Amino acid sequence: WHAMGARVTNYADPHTGPENPDYMRRVHGLVLYKANYDGIGNYILSCSDWNDFLGTEYNFRSFNMTYPTRDSLIDTLEWEGIREAVDDVRYATKLKTLALAAIATGKTESVYAGRKALQWLEMTDEKRADLNGMRMEMIQYILKLTEMQQGGER
C-alpha cells in the first residue's frame, strides 16, 4: 500500500477492549508503529449510553472507550492506554527523525549515535518490553542526539 502512495491504518483491532491500559497502549502504539502502520482508525469513542444501574435492560458497554455525560466524557483506563500509545509513537518518531538527521551529517560520532539509536529501536521487542522503560530509553536517546545536534550545548 505504501508503494502506491496509500496509508495503512488499523481498524477495530480491537474496536474496544478490556479496560487494560497496558494492552491498549501496546496494541495501538509501538506494535503498529514498528509494523509500519500510519495510524489507528477506531471511531468508537462512546457509542452507547452505558449505565451501570439499568439492570437487565439493553446495556451494550463493549462499544464504549469513554462514558458519556450530559456535556462531556469520562475517561476510562482503556482510553488512557490509547493516549499513552499515541505519546509512545510521538517519542519513537522524534527519536527516528533525530537519528536519521544525525546519520545525514556524515560526522563519525553522529553517524554512530544515530545508528545506535535506530538499532536499539528496531531490536527492542515492543510486544514484551516494559513500555515505561522503553519510553525512558527513547528520551535518553532523544536528549543525546539533540545535544549532539546543538554542538554539545544545552
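These legends go with a set of close-up views of the structure above.

The model is predicted: local features need pLDDT of at least 70 and side-chain atom pairs count only at pLDDT 80 or more, whereas totals for chains, interfaces and linings use all residues. Residues are numbered from 1 along each chain as its sequence is written, and side-chain values use heavy atoms, with hydrogens and water left out.

**View 1. The protein chain and its elements.**
Let's start with the whole chain, which has 5 helices and 4 strands. Helices (H or I, at least four residues) and strands (E, at least two) are DSSP runs, numbered from the N terminus. Reading from the N terminus, the order is β-α-α-β-β-β-α-α-α. Of the 154 residues in the protein chain, 33% are buried; buried means under 20% relative accessible area, exposed over 50% and partly exposed in between, with a 1.4 Å probe and protein chains only. Contact means heavy atoms within 4.5 Å. Among the contacts with a separation of 6 or more, 58% join residues 24 or more positions apart.

**View 2. Helix α1 and the surroundings of Arg26.**
Here we look at Arg26, which sits in helix α1 (residues 21-28). Arg26 counts as buried because its relative accessibility is 14%. Its side chain comes to 3.0 Å from the backbone oxygen of Ala129, a polar contact (a pair of N or O atoms within 3.5 Å; within protein, one must be able to donate a hydrogen and the other to accept it, and residues adjacent in sequence count only if both atoms are side-chain atoms). Setting aside residues up to four places away in sequence, Arg26 touches Val31, Glu126, Lys127, Arg128, Ala129 and Leu131. The buried residues of α1 are Met24, Arg25, Arg26, Val27 and His28, and they pack against β1 (9-10), α2, β2, α3 and α5. At the start of this helix, a side-chain oxygen of Asn20 reaches to within 3.1 Å of the backbone nitrogen of Asp22.

**View 3. Trp120 and its aromatic partner.**
Trp120 belongs to helix α4 (residues 108-123) and is buried, with a relative accessible area of 17%. Beyond neighbours within four places in sequence, Trp120 is in contact with Leu95, Met134, Glu137, Met138 and Tyr141. The C-alpha atoms of Trp120 and Met134, 14 residues apart along the chain, are 10.0 Å from each other. Rings of Phe, Tyr and Trp (its six-membered ring) pair if their centres lie within 6.5 Å, and planes under 30 degrees apart count as stacked, over 60 as edge-to-face and the rest as tilted. This rule gives 1 aromatic pair. The ring centres of Trp120 and Tyr141 are 5.4 Å apart with their planes at 40 degrees, so the pair is tilted. Because Trp120 lies in helix α4 and Tyr141 in helix α5 (residues 131-149), the pair ties together parts that are 21 residues apart in sequence. Tyr141 is buried too, with a relative accessible area of 14%.

**View 4. The largest nonpolar core.**
A nonpolar core is a set of buried Ala, Val, Leu, Ile, Met, Phe, Trp, Tyr and Cys residues joined through side-chain atoms within 4.5 Å. The largest one has 18 residues, and those with the most contacts inside it are Leu30, Leu95, Trp120, Leu121, Met134, Met138 and Leu145. Two or more residues each come from α2 (30-34), α3 (77-104), α4 and α5. Helix α5 gives the most, with 6 residues.

**View 5. Along helix α3.**
The expected span of a helix is 1.5 Å times one less than its number of residues. For the 28 residues of α3 that is 40 Å, and the end C-alpha atoms are 41 Å apart, which agrees. The buried residues of α3 include Glu78, Asp87, Asp88, Leu95 and Leu98. Packed against the buried residues of α3 are α1, α2, β2 (39-40), α4 and α5. Just after the helix, Gly106 takes a positive phi of about 80 degrees.

**View 6. Helix α5 from cap to end.**
At the N-terminal end of α5, Asp130 acts as a cap, with a side-chain oxygen 3.1 Å from the backbone nitrogen of Asn132. Helix α5 has 19 residues and reaches 26 Å from its first C-alpha to its last, close to the expected 27 Å. Leu131, Met134, Arg135, Met138, Tyr141, Ile142 and Leu145 are buried in α5. They lie on the same side of α5 because they cover an arc of only 125 degrees around the axis, the arc being that of the directions from the helix axis to the C-beta atoms. What covers them includes α1, α2, α3 and α4. Just after α5, Gly151 takes a positive phi of about 75 degrees.
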